[in-house]
Amino acid sequence: MTVHGEREILPSATKADAAKALQRFTTGYNKAYTKSDPAAMSAVETGPLHALTLPGVRAQRETRPKGWPDYPALRLKDAEFTIPKQKGWPRFFLADAASNRDDNRWLVLFTRNGSTEPWKAAYLAVVAENQVPEFRTDQGGWAEPVGGGAGLPIAPNRLSRAYAEYLRTGEGEFADGALTSVLRAQRQRTAKTLRYWTEYIDQPVGPPQYAPVALRTADGGALAFFAAHHAEKRTMAPGYKVGEIDNSTANTLMKGKPEKWLSLAKISESVVRIPKNGPVEFLNRLEGLTAAKGG
């Protein structure tokens, strides 16, 4: 009997396949840094995580062309897998593992667009153990993906646009914290100083490259992953210059010579908790450079 995965609601992966995908990711991640090999990173990552990490590996290739043999290898252990039942493609699952970096948990969200494709990591979040929620599962232990509004104060597919709008206006369903109200206050302080002024532009992203992903939590809320684009341009006041940039990725990506102004493009990928009622709470946000230009 043939089972059509594009029409039937089935588990997105087996736990054995999920474990293999996590091991494959770890191996590729370590190879990318020890060998300064962007291709190794591209083989195991996709989406916003790939857009965030690839420029750094390319910059490392410029500064360490023979690799980084002493790079402290990442090890992930004690993994738990949250695997939803899904219909059609793309599909995903979540790996929650301890690392040799610190006492936090690494949440790695894997996705693929078809049965013949390898699983690749699309999102990565590092969170405290007590921040990992309990997920709603059925009798078979399979999780529930969340799409559309799904009875939540904000739909996962609206998070990117809502966050970009919040950073611009301060309005939206987001709890106060380091990545919301505090970040806005920091930007306001650097918007105009005696030496320079800074312009910020935040833009939403979406499918197919940056599709948000969410899982239903046991309390009826959701854990959601999403991405956004950010840009900032710093213009120096008369008599001042940008100066030396102490960032190897920025220097590798740089177009032009930054003297009077510097423009940086970035991508962020975040994991948030969406409660049934109340504001969205950020658990982790990673940000990386994707382009740099000066003049």
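**Close-up 1. The end of helix H4 in this predicted model, where Gly170 comes next.** Right after H4 sits Gly170, and its phi is positive, near 80 degrees. Which residues of helix H4 (residues 159-169) are buried? They are Leu159, Ser160, Ala162, Tyr163, Ala164, Tyr166 and Leu167. An α-helix has 3.6 residues a turn, so residues three or four places apart point the same way. And what covers the buried residues of H4? The cover includes helix H5 (181-190), along with strand S7 (196-204), strand S9 (222-236), strand S11 (261-274) and strand S12 (281-294).

**Close-up 2. Arg158, in the loop between S6 and H4.** With a relative accessible area of 48%, Arg158 counts as partly exposed. Look for Pro204 as well: 46 residues separate Arg158 and Pro204 along the chain, and their C-alpha atoms are 9.0 Å apart.

**Close-up 3. Helix H1 against helix H3.** Two packed helices are described by the angle between their axes and the distance between the axes. Here the axes of H1 (residues 15-34) and H3 (residues 47-63) come within 10 Å and cross at roughly 30 degrees. On the H1 side, the contact is made by Phe25, Ala32 and Tyr33. H3 brings Leu49, Thr53, Val57 and Gln60 to the contact. Sort the residues of this contact by type and you get 5 nonpolar, 2 polar and no charged.

**Close-up 4. Phe25 and Phe110, an aromatic pair set edge-to-face.** The structure holds 16 aromatic pairs. In this one, the ring centres are 6.1 Å apart and the planes stand at 85 degrees, so the pair counts as edge-to-face. The two rings come from distant parts of the chain: Phe25 belongs to helix H1 and Phe110 to strand S5, 85 residues apart. Are Phe25 and Phe110 buried or exposed? Both are buried.

**Close-up 5. Phe93 and Phe110, a stacked pair.** A pair of aromatic rings is described by the distance of the centres and the angle of the planes. For Phe93 and Phe110, that's 5.0 Å centre to centre and 15 degrees between the planes. Phe93 lies in strand S4 and Phe110 in strand S5, so the pair ties together parts that are 17 residues apart in sequence. Phe93 has a relative accessible area of 0%, so it is buried. Phe110 also counts as buried, at 0% relative accessibility. Pull back a little and you'll find a cluster joined by ring pairs: Phe25, Tyr29, Tyr33, Trp68, Tyr71, Phe81, Phe93, Trp106, Phe110 and Trp119.

**Close-up 6. The largest pocket and its lining.** Rolling a probe the size of a water molecule over the atoms shows where empty space is left. In the largest pocket, that space comes to about 620 Å³. How many residues line the largest pocket, and which lie nearest its centre? There are 33 in the lining, and Pro90, Thr111, Ala211, Pro212 and Val213 lie nearest the centre. At least two lining residues come from each of H3, strand S3 (85-86), strand S4 (91-99), strand S5 (105-112), strand S6 (120-127) and strand S8 (213-216). By type, the lining of the largest pocket splits into 17 nonpolar, 10 polar and 6 charged residues.

**Close-up 7. Two cis peptide bonds, each leading into a proline.** Most residues other than glycine have a negative phi, and most peptide bonds are trans. The bond joining Trp89 and Pro90 is cis, though, with omega about 0 degrees. You'll find Pro90 in the loop between S3 and S4, and Pro90 also turns up among the residues nearest the centre of the largest pocket. The peptide bond from Pro207 to Pro208 is cis too, with omega near 0 degrees. Pro208 sits in the loop between S7 and S8.

**Close-up 8. Ser36 and Asp78, with positive phi.** Ser36 isn't a glycine, yet its phi is positive, about 50 degrees. Its place is in the loop between H1 and helix H2 (38-44). Ser36 has a relative accessible area of 0%, so it counts as buried. Asp78 isn't a glycine either, and its phi is also positive, about 50 degrees. Look for Asp78 in strand S2 (residues 76-82). At a relative accessible area of 56%, Asp78 is exposed.

Notes
Residues numbered from 1 in each chain as written. Predicted model: local features only at pLDDT ≥ 70, side-chain atom pairs only at ≥ 80, totals over all residues. Heavy atoms only, no water. Axes fitted to C-alpha atoms, helices over the stretch in contact; angles between N-to-C directions. Helix = DSSP H or I, 4+ residues; strand = E, 2+ residues; numbered from the N terminus. Contact = heavy atoms within 4.5 Å. Nonpolar A, V, L, I, M, F, W, Y, C, P; charged D, E, K, R; others polar. 1 Å grid on protein atoms, 1.4 Å probe; cavity = no way out; pocket = protein on both sides within 12 Å on 5 of 7 lines; lining within 4 Å. Points joined across faces, edges and corners; volume = space filled by probe spheres on them. Phe/Tyr/Trp six-rings, centres within 6.5 Å; stacked < 30°, edge-to-face > 60°. Buried < 20%, exposed > 50% of the residue type's maximum accessible area, 1.4 Å probe, protein only.
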